[in-house]
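Student: I have a model open and some labels that I would like to see justified. Can we go through them one at a time?

Tutor: Yes, starting with a pair of helices.

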There are 2 protein chains.
Amino acid sequence: MSAHTANLKTSVLEDLRASLGNKVTTDDAVRSARGHDRSHLPWEAPLAVVQCASTEDVSATLAICSHHGVSVVPIAAGTGLEGGANSTAGSICLDISGMDKILRIEADDLDATVQAGVMKSSLNEALAQHGLTFPVGPGVDASVGGMASTGASGTTAVRYGTMKENVLGLTVVLADGTVIKTGGRSRKSAAGYDLTHLFVGAEGTLGILTEVTLRVYGIPQASSVAICSFATLEECIAVVQATLESAVPISRVELLDDVTVDAVNRYSSLGLPVMPTLIFEFEGSPANIAEQSETVRGLVSQHGGIGWDYASDPEQMARIWRARHDALPAYTALIPGSSTWSTDVCVPVSRLAECITLTKADTDNEGVLAPIVGHVGDGNFHLAFVLPPGDDDVLAKAAAINNRLVERALSMGGTSTGEHGIGLGKTASLVKEHATAIPVMMAIKNALDPQGILNPGKVLAAS
Amino acid sequence: MSAHTANLKTSVLEDLRASLGNKVTTDDAVRSARGHDRSHLPWEAPLAVVQCASTEDVSATLAICSHHGVSVVPIAAGTGLEGGANSTAGSICLDISGMDKILRIEADDLDATVQAGVMKSSLNEALAQHGLTFPVGPGVDASVGGMASTGASGTTAVRYGTMKENVLGLTVVLADGTVIKTGGRSRKSAAGYDLTHLFVGAEGTLGILTEVTLRVYGIPQASSVAICSFATLEECIAVVQATLESAVPISRVELLDDVTVDAVNRYSSLGLPVMPTLIFEFEGSPANIAEQSETVRGLVSQHGGIGWDYASDPEQMARIWRARHDALPAYTALIPGSSTWSTDVCVPVSRLAECITLTKADTDNEGVLAPIVGHVGDGNFHLAFVLPPGDDDVLAKAAAINNRLVERALSMGGTSTGEHGIGLGKTASLVKEHATAIPVMMAIKNALDPQGILNPGKVLAAS
């Protein structure tokens, strides 16, 4: 460490401690625990972790860090999959997880404002007391701020949209500590540049989200689930297309490939046919979900679907959903000691069967175990590489398959990531996908963060 | 005109003619016709109009104009209401209306790509041949590029969202003539900054939209309409709230105030009760619309609704919709020779009754005729000032009422414009609404248009 670096480190820590007291920690365990997300991507322990409780704490931290030109990396739940919250040496980790207050719930307007560290599960517990729900988000419990920052979505996007369609307004702290508000509480606005959508999905590289105003929804009167199988992926996706064209407002349609079905059969003794499988969810009044499910059942039958296990009571619905919810533990149970690496792409639905088929051929050819699940109503699917412990060869093969998957999705008019974001893992993919737009993204980054201190190296690699 | 200005004018026109030939016109009638939108706001004839047929034409024009530092003002249908397309003296008018090609319709993926000058009506004619529709947009026929540029919405936003939720990707020409692509065709993407949403609603101040990729929808199997009246605005809005909370997927809910009902009664001999009135539209299968309408009818009845005129055949539906569609001509028929000035705000639905009541009191107090219609499922409503010919006193009163309306909406957590945009007319309102965010908007404007040649004076007044 040079004398200059040592001096900088000392003076930043002094200033942070003077302003934020014991919210600043240099404890090794905390720096390690808060220094990374769930990906396999590189990280280094940050210089210190600031455990923020408020927008003011975030603002004070950024004012100090920008004064010293020191980088800041935000993290809340740390459930990301592309290294978006991974710290770098010498940076300050902004820990948002303590910002867990639900600030207001307005049942009459179907909106709510929360601090960015509020977990989706906590939000839904609070909303349930008002007969409300926030259905958007990944399978894993995540923070609202993290979901907004990555433009997350999950299984219900086919009905409710992604975070992009559900964030009404934000409080954001800029690189120099300035606090701004974007959007608002009205359902729509044509007032000026849509900064809300600019910060949503920017992964903390343009500003730090501290408060989020969300659309929320009434809890559906009733819901039901059906599971069915298909001899081919093409039939399976044809049913999804027919369902979308029919405008039946399904709330979920999840694909499980044959490898996934085999894994969950072994793990959870489900006895499902080892074939491409769809799980549909319907929401509405009892009469309406009956009509929806009958319409979709008809489409499934027309397209060669096999079986139609239907349930509308909670216990039987949970039984059907186990096939999807147990997928991740079922995968790792296939190889003792293994971990998974879940990647995602999204393509126009008409190309989905072809994209999945070619990807499965690639994984088969390389001998890499990589089951597929997908939010197929959006054309979005995940390849989950099952990585044997310490096997660098498989990891290298997976990386190459992942690169080819992105190329394939882009060649089909799709995107390199439907919902996991760019983070560290897909910066090269972003350049391929948005070659013409990268200079505009860079210009905006430079305008809002001229020192490049906000989550450096993420999204725009050269930033 | 100074010698410098005259020389600049000559050299810009020479360069444009050399590059774009007879697409460049200095004809007085064309310069006047294409120099303004439908508002009462100031405009001056541009130096010349370039009738663009392609992205390349727009790019060539911008390359020349940026070289000379000459401003560019885009216009397509010219149906704007806030002066967003009004030219300034010495500027070049970019006429996009000739860019009217539908580039692709993909029924299997429910998306379409069009040139920015395509009219909504033309798009829907083409889509209808595939059993598809694009339901978003204002009552007046408008261009897709104009609708995207202002973040337009209209009556169906309660079901389908606004342009923001329905633009998947864009081709944009930047200030220096560079052509970029944003977004894509996949339903969702978490790849990099959401530039699509930044350009949608930026009113041509950050770049010129030349091609737009849209989500499109299957034509509903069936639809139906119902009209009902209420003794009070409070009851009327309470039904709207109850409907939204019930999650009945209404496709439209339009409010007509008593003044509007009186006007359309006179104009179209409708004989409706002169009271706050709602028109609901339902879409789906025949069984589903029956269920939806029965649910809403029950809510209407619970909240003191009077009457329930219901129709599901096209002729009777058109009869009911006349009350809404005839509103504008009915208004101007109230005062011979008058014109209308339609303004809009949007508030949380829980504040809507109060906001409308206070606004009606203000117009009554000032003695200004200003009926109200509203897309009340979004909390959005329009005050239509009926302006007697040449009456500057009423115009001044209307301007003051409009300012107070914006203040009222902002004080209620609403926005200064739900769908008409900022243009020239609401630049001061934008500063009030987004005081903390304006510097960020300015930073982005300066980063993307350092010379300030793109639609100057719009959105950000000082830009």
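Student: What makes α10(A) and α13(A) roughly perpendicular to each other?

Tutor: This is a predicted model, and the angle is computed from it. The axes of α10 (residues 258-268) and α13 (residues 327-334) of chain A cross at roughly 85° and come within 8 Å. Angles of 65 to 115 degrees count as roughly perpendicular, and the two helices are therefore given that label.

Student: Which residues make the contact between α10(A) and α13(A)?

Tutor: From α10(A) they are T260(A), A263(A), V264(A), R266(A), Y267(A) and S268(A). From α13(A) they are A327(A), P329(A), A330(A), Y331(A), A333(A) and L334(A). By class, the contact has nine nonpolar, two polar and one charged residues.

Student: R322(A) is in α12 (residues 314-325) of chain A. Why is R322(A) called partly exposed?

Tutor: R322(A) has 16 other C-beta atoms within 10 Å. A residue is buried at 20 or more and exposed at 12 or fewer, so R322(A), with its 16, is partly exposed. Beyond four places in sequence, R322(A) touches S268(A) and L270(A). The C-alpha atoms of R322(A) and I180(A) are separated by 43 Å, with their positions 142 residues apart along the chain.

Student: How do you know that G421(A) is buried?

Tutor: The count for G421(A) is 30 other C-beta atoms within 10 Å. The threshold is 20 or more, so G421(A) is buried. G421(A) sits in the loop between α15 (392-411) and α16 of chain A. Its contacts beyond four places in sequence are G80(A), E82(A), G84(A), T150(A), G151(A), E203(A) and, from the other chain, A190(B). G421(A) and G151(A) are 270 residues apart along the chain, yet their C-alpha atoms are separated by 7.1 Å.

Student: What makes P135(A) buried?

Tutor: P135(A) has 21 other C-beta atoms within 10 Å. Because 20 or more is enough, P135(A) counts as buried. Its place is the loop between β7 (132-133) and α5 (144-150) of chain A. Outside its sequence neighbourhood of four places, P135(A) touches T156(A), Y160(A) and Y217(A). From P135(A) to D194(A), 59 residues away in sequence, the C-alpha distance is 23 Å.

Student: Is L168(B) buried or exposed, and how do you know?

Tutor: L168(B) has 23 C-beta neighbours inside 10 Å. With the cut-off at 20 or more, L168(B) is therefore buried. L168(B) belongs to strand β8 (residues 167-173) of chain B. Among its contacts beyond four places in sequence are D111(B), G183(B) and T213(B). A112(B), 56 residues away along the chain, has its C-alpha atom 9.4 Å from that of L168(B).

Student: What is notable about phi of V459(A)?

Tutor: Phi of V459(A) is near 65°, a positive value in a residue other than glycine. V459(A) lies in the segment after α17 of chain A. With 27 other C-beta atoms within 10 Å, V459(A) is buried.

Student: And why is A247(B) called partly exposed?

Tutor: A247(B) has 19 C-beta neighbours inside 10 Å. Buried requires 20 or more and exposed 12 or fewer, so A247(B) is partly exposed. Phi of A247(B) is also positive, near 65°. A247(B) is in the loop between α9 (233-246) and β13 (252-256) of chain B.

Student: Which residues touch the most other members of the largest nonpolar core?

Tutor: L94(A) and L94(B) do, in a core of 282 residues. Beyond four places in sequence, the contacts of L94(A) include V50(A), C52(A), V72(A) and I208(A).

Student: How do you know that the two copies are related as by a two-fold rotation axis?

Tutor: Chain A can be laid on chain B by a turn of 180° and a shift of 0.0 Å along the axis, with an RMSD of 0.0 Å. The copies are thus related as by a two-fold rotation axis. The same surface serves both, since 100% of the contact residues of chain A recur in chain B.

Student: How many residues of each chain are in contact with the other?

Tutor: 77 residues of chain A are in contact with 77 residues of chain B. α17(A) gives the most to the side of chain A that touches chain B, with seven residues. That side divides into 31 nonpolar, 31 polar and 15 charged residues.

Methods: Residues numbered from 1 in each chain as written. Chains lettered and ligands numbered in written order. Predicted model: local features only at pLDDT ≥ 70, side-chain atom pairs only at ≥ 80, totals over all residues. Contact = placed C-beta atoms within 7 Å. Helix = DSSP H or I, 4+ residues; strand = E, 2+ residues; numbered from the N terminus. Nonpolar A, V, L, I, M, F, W, Y, C, P; charged D, E, K, R; others polar. Core = buried A, V, L, I, M, F, W, Y, C linked by C-beta atoms within 7 Å. Axes fitted to C-alpha atoms, helices over the stretch in contact; angles between N-to-C directions. Parallel < 35°, antiparallel > 145°, perpendicular 65-115°, else oblique. Least-squares fit on C-alpha atoms with pLDDT ≥ 70 in both.
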